[in-house]
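Student: I should like to work through this structure by question and answer. May we begin with a single residue and then proceed to helices, chains and the interface?

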Amino acid sequence: MSSAHVTPGSVPGPKLAAHFASLEVQKHAARLGMWLFLATEILLFAGLFACYAAYRFLFPEAWAASSRSLDLTMGTINTVVLITSSFTAAMAVHYAKEGKNAMVGHMNVLTLLMAVGFLVIKFFEYKHKFHIGTLPGRYYFYEGIQLPGAPLYFTVYFASTALHALHVVIGMTVLAFATVRAYRVGDFNANNYTQVELGSMYWHLVDLVWIFLFPMLYLV
Amino acid sequence: MAIANESRQEEHNMQEHHGAGRYVVIWIALLVLTLVTVFTGRMHLPDFGLLLALIIASVKGTLVALYFMHLSEHQGANRLVFGVSIIFVVLLIGFSLMDLGTRFRLANPPGSQYSDLQAVDIGANPTEGRTGGHQQLQKQNHETHE
C-alpha cells in the first residue's frame, strides 16, 4: 500500500473546490455521487428484471422454448468480450493511478474495440431475429414457437438488450473522452484519476447488467 | 472554518494501490464462471437450473463490484448505496413474484367474464367496454324488450 496522501500542489492534480476539505474528500464525493447514479441505473434495469420474472412465472413453457431459440454461441462470445473489456477498463484505472497515460489510452482503446465487437455481434443477432420473425408483440411471425407468451418473451428480450446496448454506447462515449484526454493531455496521475475511475465504474455496471441478462435470456 | 464532510474516515478510504495481478485473477475467475454457467445451463437442469444460474451470476456480479469497482476498498457510504439498491431490487422482484405465486382464482360466479388476471372493465362506456360491458348492455336491452 503506497501512501498516495499527496498535498495539493506538489503533484499536479485537479482543482480543489472551496467547499471540500481536501482532495481526498473531493474524490470521495465524486465517487459517492457515481455510486448514487449507478444505484438508479440498477433500479432502472430492475424494472425489466421484474417484468421478466413475472412473465416467466406466467408463461414457463414459452420462456423455455424461446430462450432455446437464441444463439447461445453468440451470447457466450459476447459475455466473454464484455468481461474482458471490463478487465481492460479496470487496468486503465490501474495505470492512471501510476501516471502511465499512454497505457491508459491503450487500455481504453482495447475496451472500446471490444465494445464495438459486442455491438456488431448484437447487430447480427437482431438481424437474424428480424429475419425469422421472433419479434415483440404483434410483430411476431415465427412459426417455430407457437405458445402463448412467446411474443412477450421477445418484448422483454428486445427491451432489455436494447436498453443495455444504449448503455454500451453511453459507456463508450464516456470512455472515449478519457482516452482522448490520456493521449492528448496526459495529466492522469495518483492525484488525478477520477475521470478514468468513474468512466470505468460505468463500464463495469454495463458488464454487471449483462452478467445477469446473459443467463436469464440465453440459459434458463 | 469547520467543514462538514471532513472526517478521519477519508484517510482510511484512501486508494490502496496494488499490482495488476489481482485484476488478472478476477478476470480469469469470471471467464471460468461463465464457462461453468454455460455448461450447467446447457444441461437444462429441471428444478435448480435457474437457481444455480442466478447464484453463479451473483458471484460474478459480486466479484465485479468488489474488485473491478473497488468496493472492497471503499467502505462506508459507497457500500451502503450499492447494498440498498440491491435490497430494493430484491424487494421489487420478490414481492411481485410472491403476489403472483399466491394468487388463486377468486370464487367467481359460474359463467363470469371476469378473471383475477385480466384487467377488469372499468365501465367508462358500456358500449366500448373491453370485458363484457357490451354483453351486459345487450342483456339489459333484452330484458327491457321483454
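Student: In which helix of chain A does R56(A) lie?
Tutor: The model is a predicted one. Within it, the element of chain A that holds R56(A) is helix 1.

Student: Does R56(A) count as buried or exposed, and why?
Tutor: A residue is buried if 20 or more other C-beta atoms lie within 10 Å of its own. R56(A) has 21 C-beta neighbours inside 10 Å, and therefore R56(A) counts as buried.

Student: What separation is found between the C-alpha atoms of R56(A) and F154(A)?
Tutor: Along the chain, R56(A) and F154(A) are 98 residues apart. In space, their C-alpha atoms are separated by 12 Å.

Student: Which pattern do the elements of chain A follow from the N terminus on?
Tutor: Chain A has 6 helices and 0 strands. From the N terminus on, its elements therefore read as helices throughout, by the run definition for helices and strands. The pattern is α-α-α-α-α-α.

Student: What share of the residues of chain A count as buried?
Tutor: The C-alpha trace of chain A spans about 70 × 30 × 30 Å along its principal axes. Among contacts in chain A with a separation of 6 or more, 76% are accounted for by residues 24 or more positions apart. Of the 220 residues of chain A, the share that count as buried is 42%.

Student: How do helix 3 and helix 4 of chain A run with respect to each other, and why?
Tutor: Helix 3 of chain A and helix 4 (residues 101-132) of chain A have their axes 8 Å apart and pack at an angle of about 165°. Angles over 145 degrees count as roughly antiparallel. Helix 3 of chain A and helix 4 of chain A are therefore roughly antiparallel.

Student: How do the residues of that contact between helix 3 and helix 4 of chain A divide?
Tutor: The crossing in which helix 3 of chain A passes helix 4 of chain A is left-handed. The residues of their contact divide into 17 nonpolar, 7 polar and 2 charged.

Student: Which residues of chain A does UniProt list for the heme-copper oxidase subunit III family profile?
Tutor: The annotation is a domain in an unreviewed UniProt entry. In the model, the span it covers is 83% helix and 0% strand, with end C-alpha atoms 35 Å apart. The residues listed are 31-220 of chain A.

Student: Where does UniProt place the feature "transmembrane region" in chain A?
Tutor: Two of the spans can be described from the model. Residues 75-95 of chain A are 100% helix and 0% strand, with end C-alpha atoms 30 Å apart. Residues 156-180 of chain A are likewise 100% helix and 0% strand, and their end C-alpha atoms are 36 Å apart. The unreviewed UniProt entry places the feature at residues 32-55, 75-95, 107-124, 156-180 and 201-219 of chain A.

Student: What share of the residues in chain B do buried residues make up?
Tutor: Chain B has 5 helices and 0 strands, and read along the sequence it follows the pattern α-α-α-α-α. Of the contacts in chain B between residues at least 6 apart in sequence, 27% join residues at least 24 apart. Among the 146 residues in chain B, buried residues make up 15%.

Student: Which residues of chain B does the UniProt annotation "transmembrane region" cover?
Tutor: In the model, residues 48-68 of chain B are 95% helix and 0% strand, with end C-alpha atoms 29 Å apart. Residues 80-98 of chain B are 100% helix and 0% strand, with end C-alpha atoms 26 Å apart. According to the unreviewed UniProt entry, the annotation covers residues 20-41, 48-68 and 80-98 of chain B.

Student: Which helix of chain A gives the most to the side that touches chain B?
Tutor: In the interface, 43 residues of chain A are in contact with 42 residues of chain B. The elements giving two or more residues to the chain A side are helix 1 (23-58), helix 3 (72-98) and helix 6 (194-219) of chain A. The residues of this side divide into 30 nonpolar, 9 polar and 4 charged. With 17 residues, the element that gives the most is helix 1 of chain A.

Student: How does helix 1 of chain A run relative to helix 4 of chain B, and why?
Tutor: Helix 1 of chain A and helix 4 (residues 77-101) of chain B pack with their axes 9 Å apart, at an angle of about 15°. Angles under 35 degrees count as roughly parallel. Helix 1 of chain A is therefore, relative to helix 4 of chain B, roughly parallel.

Student: How do the residues of the contact of helix 1 of chain A with helix 4 of chain B divide?
Tutor: The crossing of helix 1 of chain A and helix 4 of chain B is right-handed. The residues of their contact divide into 21 nonpolar, 4 polar and 1 charged.

How values were computed
Residues numbered from 1 in each chain as written. Chains lettered and ligands numbered in written order. Predicted model: local features only at pLDDT ≥ 70, side-chain atom pairs only at ≥ 80, totals over all residues. UniProt positions renumbered as here; feature names shortened; annotations may be inferred. Helix = DSSP H or I, 4+ residues; strand = E, 2+ residues; numbered from the N terminus. Contact = placed C-beta atoms within 7 Å. Nonpolar A, V, L, I, M, F, W, Y, C, P; charged D, E, K, R; others polar. Buried ≥ 20, exposed ≤ 12 C-beta atoms within 10 Å, placed from the backbone. Axes fitted to C-alpha atoms, helices over the stretch in contact; angles between N-to-C directions. Parallel < 35°, antiparallel > 145°, perpendicular 65-115°, else oblique. Left-handed = near helix turned anticlockwise from the far one by under 90°.
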